[in-house]
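Grab a coffee and work through these exercises with the model open beside you. Each one sets a task and then walks through the solution.

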Amino acid sequence: MNSEEEFYDAVTGFDSDNSSGDFSEANHKVAEMLDLDPHQSNRTGKHNGETEIQENGIKRHRTSLPAPMFSRSDFSVWSILKKCIGLELSKITMPIVFNEPLSFLQRITEYMEHIYLINKACSHADPLERMQAVAAFAVSAVASQWERTGKPFNPLLGETYELTREDLGFRFISEQVSHHPPISAFYSEGLNKDFIFHGSIYPKLKFWGKSIEAEPRGTITLELLKHNEAYTWTNPTCCVHNVIIGKLWLEQYGTVEIVNHSTGDKCVLNFKPCGLFGKELHRVEGYIQDKKKKLCVIYGKWTECLWCTDPTTYETYKKNEKRGGEQKKLKPSEDVIKSENDEADDMPEVQDTVQFIPGSKLLWRINCRPPNSSQMYNFTSFAVSLNELEKGMEAILAPTDCRLRPDIRNMENGNMDVASKEKERLEEKQRAARKERAKDEVEWHTRWFHQGTNPYTGTSDWLYSGGYFDRNFSDCPDIY
């Protein structure tokens with residue numbers, strides 16, 4: 001790994017099947033092993049106290065972490081980076097205090113937080129409305145990064161993460177398929193066989209002195225099986241500012257093009273850079289078009305909400321704005337918000353800073369974070385639940401699942417010294433294993449994904465090989 005990649009890993013953490021087996025049978029097997037009996041009132045969750053089963057049989061997930069976030073006020077990134085002058089960046093190790101207690105594989109899983117948008121896309125008969133929902137999902141997928149300046153743990157080679165959410169209707173599996181360069185592959189499917197969502201992530205780093213820019217590489221693919229449609233896109237560029245001194249903050253910018261490979265329709269979204277005076281910070285503007293014309297305009301902020309309106313209304317509004325005409329800062333009525341989000345009952349009470357254009361339709365609104373989010377690494381409620389390790393889970397999880405990583409688990413529990421030592425031990429174990437393979441001339445083989453070609457874009461991609469949920473983990477590597 002070159003020094004640029006190592007520096008990027010150290011500072012930001014944005015590391016650079018159709019499944020065999022029946023859905024219901026696999027879910028029933030998991031439920032039996034986890035003792036998910038809806039008639040039971042609760043069960044004790046390991047490390048996390050009580051985990052309740054509600055009367056409707058849906059399991060409650062935890063709402064807080066076992067220990068509050070460790071203060072970073074006494075630490076400086078610059079105190080570490082200044083040691084890089086004249087040295088190989090690969091020799092520099094960032095203190096664990098700059099981490100958050102999640103693996104990057106778990107961070108990827110946060111794409112699924114707004115899965116109701118995929119469900120909405122599946123339910124629409126109109127291809128325009130499907131594209132609107134897919135566009136909202138693509139924007140929502142990066143929203144969890146807002147104010148998340150702690151770096152997730154770099155996944156170890158062969159590390160995995162699985163998540164099954166029967167209440168949300170999906171299951172998800174990811175694997176770290178390469179360490180040099182770092183590549184994370186993921187695959188998710190609807191429990192009702194209505195969608196498949198998959199991709200691989202390996203960003204390219206650019207260091208600009210005061211900021212670090214991660215240019216995304218890898219294709220994101222969403223297949224809506226009922227409609228026989230496939231959508232592909234890449235994520236916007238992410239930039240972390242003030243890595244030397246000052247308060248860390250991040251922005252997303254660049255053009256995201258979502259292509260419907262069945263109809264030829266496109267959605268072009270422009271994530272605008274901050275600009276000199278911050279006027280464009282977090283703003284997203286774009287449009288959906290068929291092969292002939294623009295069908296609608298999309299606008300909003302990736303940190304708040306996304307709206308759409310017809311092109312004529314949008315252009316008229318913008319012309320009035322340029323002429324200096326007085327634009328009323330209208331707020332959408334509660335009825336509009338409710339009607340456009342009746343599938344998301346817990347839509348938050350947030351103060352929009354997006355200029356609302358009368359007649360616009362709400363596509364998506366960010367979820368509120370827990371009241372104590374600032375003490376939990378600015379996690380969303382969904383993120384808080386990702387490392388939950390409940391009673392009976394260890395019996396069915398792959399031994400490579402990152403819930404079982406001792407460094408992340410100890411950091412989550414507030415044992416920072418132990419976490420730091422475990423992190424060093426795991427990294428050394430990984431280096432030793434790599435040297436041993438090189439000595440014996442043995443190549444690393446991925447377990448659940450294989451390198452191939454994306455069937456829709458023709459570009460290189462990591463594809464799910466299938467079989468994970470059959471739960472035959474006998475040949476999984478010992479990485480912890």
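**Exercise 1. Find the residues with the most contacts inside the largest nonpolar core, and the helix that gives the most to this core.**

Step 1. A nonpolar core here is a set of buried Ala, Val, Leu, Ile, Met, Phe, Trp, Tyr and Cys residues joined through side-chain atoms within 4.5 Å. Buried means under 20% relative accessible area, exposed is over 50%, and partly exposed is in between (1.4 Å probe, protein chains only).

Step 2. The largest such core has 76 residues, and the ones with the most contacts inside it are Phe195, Phe197, Trp233, Ile258, Leu269, Ile298 and Trp364. Helix 6 (residues 127-143) gives the most to this core, with 11 residues. There's also a second, separate core of 15 residues, including Val177, Ile183, Ala398 and Tyr468.

Before going on, two notes on the ground rules. This is a predicted model, where local features need pLDDT of at least 70 and side-chain atom pairs count only at pLDDT 80 or more, while totals for chains, interfaces and linings use all residues. Residues are numbered from 1 along each chain as its sequence is written, and side-chain values use heavy atoms, with hydrogens and water left out.

Step 3. Zoom in on isoleucine 298, counting a contact as heavy atoms within 4.5 Å. Leaving aside neighbours within four places in sequence, isoleucine 298 is in contact with residues including Ala135, Leu269, Val284, Trp307 and Leu363.

**Exercise 2. Check the span of helix 6 and work out how many of its residues are buried.**

Step 1. Helices (H or I, at least four residues) and strands (E, at least two) are DSSP runs, numbered from the N terminus.

Step 2. The expected span is 1.5 Å times one less than the number of residues. For the 17 residues of helix 6 that comes to 24 Å, and the end C-alpha atoms are 25 Å apart, which agrees.

Step 3. Of those 17 residues, 14 are buried, so helix 6 is largely enclosed by the rest of the structure.

Step 4. Look at the start of helix 6: a side-chain oxygen of aspartate 126 reaches to within 3.0 Å of the backbone nitrogen of leucine 128.

**Exercise 3. Count the salt bridges, then trace the one between lysine 361 and glutamate 129.**

Step 1. A salt bridge is a side-chain nitrogen of Lys or Arg within 4 Å of a carboxyl oxygen of Asp or Glu. By this rule the count comes to 24.

Step 2. In the pair of lysine 361 and glutamate 129, the closest N and O atoms are 4.0 Å apart. Lysine 361 sits in strand 19 (residues 361-365) and glutamate 129 in helix 6, so the pair ties together parts that are 232 residues apart in sequence.

Step 3. Check accessibility: lysine 361 is partly exposed at 22%, and glutamate 129 is partly exposed at 28%.

Step 4. Now try glutamate 280, which forms a salt bridge with arginine 283, the closest N and O atoms being 3.5 Å apart. Shared partners join Lys272, Glu280, Arg283, Glu285 and Lys318 into one network.

**Exercise 4. How many disulfides does a search of the whole structure find?**

Step 1. Look for a pair of cysteine sulfur atoms within 2.5 Å. The search finds zero.

Step 2. Take cysteine 238 as a test case. The closest cysteine sulfur is in cysteine 239, 7.3 Å away, which is too far for a bond. Cysteine 238 is buried at 6% relative accessibility, whereas cysteine 368 is partly exposed at 39%.

**Exercise 5. Is threonine 400 buried or exposed, and which side chain does it join in a polar contact?**

Step 1. Locate threonine 400 in the loop between helix 9 (381-385) and helix 10 (406-412). Its relative accessibility is 1%, which counts as buried.

Step 2. A polar contact is a pair of N or O atoms within 3.5 Å; within protein, one must be able to donate a hydrogen and the other to accept it, and residues adjacent in sequence count only if both atoms are side-chain atoms. The side chains of threonine 400 and threonine 160 are joined by one of 2.8 Å.

**Exercise 6. Pick out the backbone oddities at proline 181 and histidine 282.**

Step 1. The peptide bond from histidine 180 to proline 181 is cis, with omega near 0°. Proline 181 lies in the loop between strand 6 (170-179) and strand 7 (182-190).

Step 2. Histidine 282 isn't a glycine, yet its phi is positive, near 70°. Histidine 282 is in the loop between strand 15 (266-271) and strand 16, and is buried at 12% relative accessible area.
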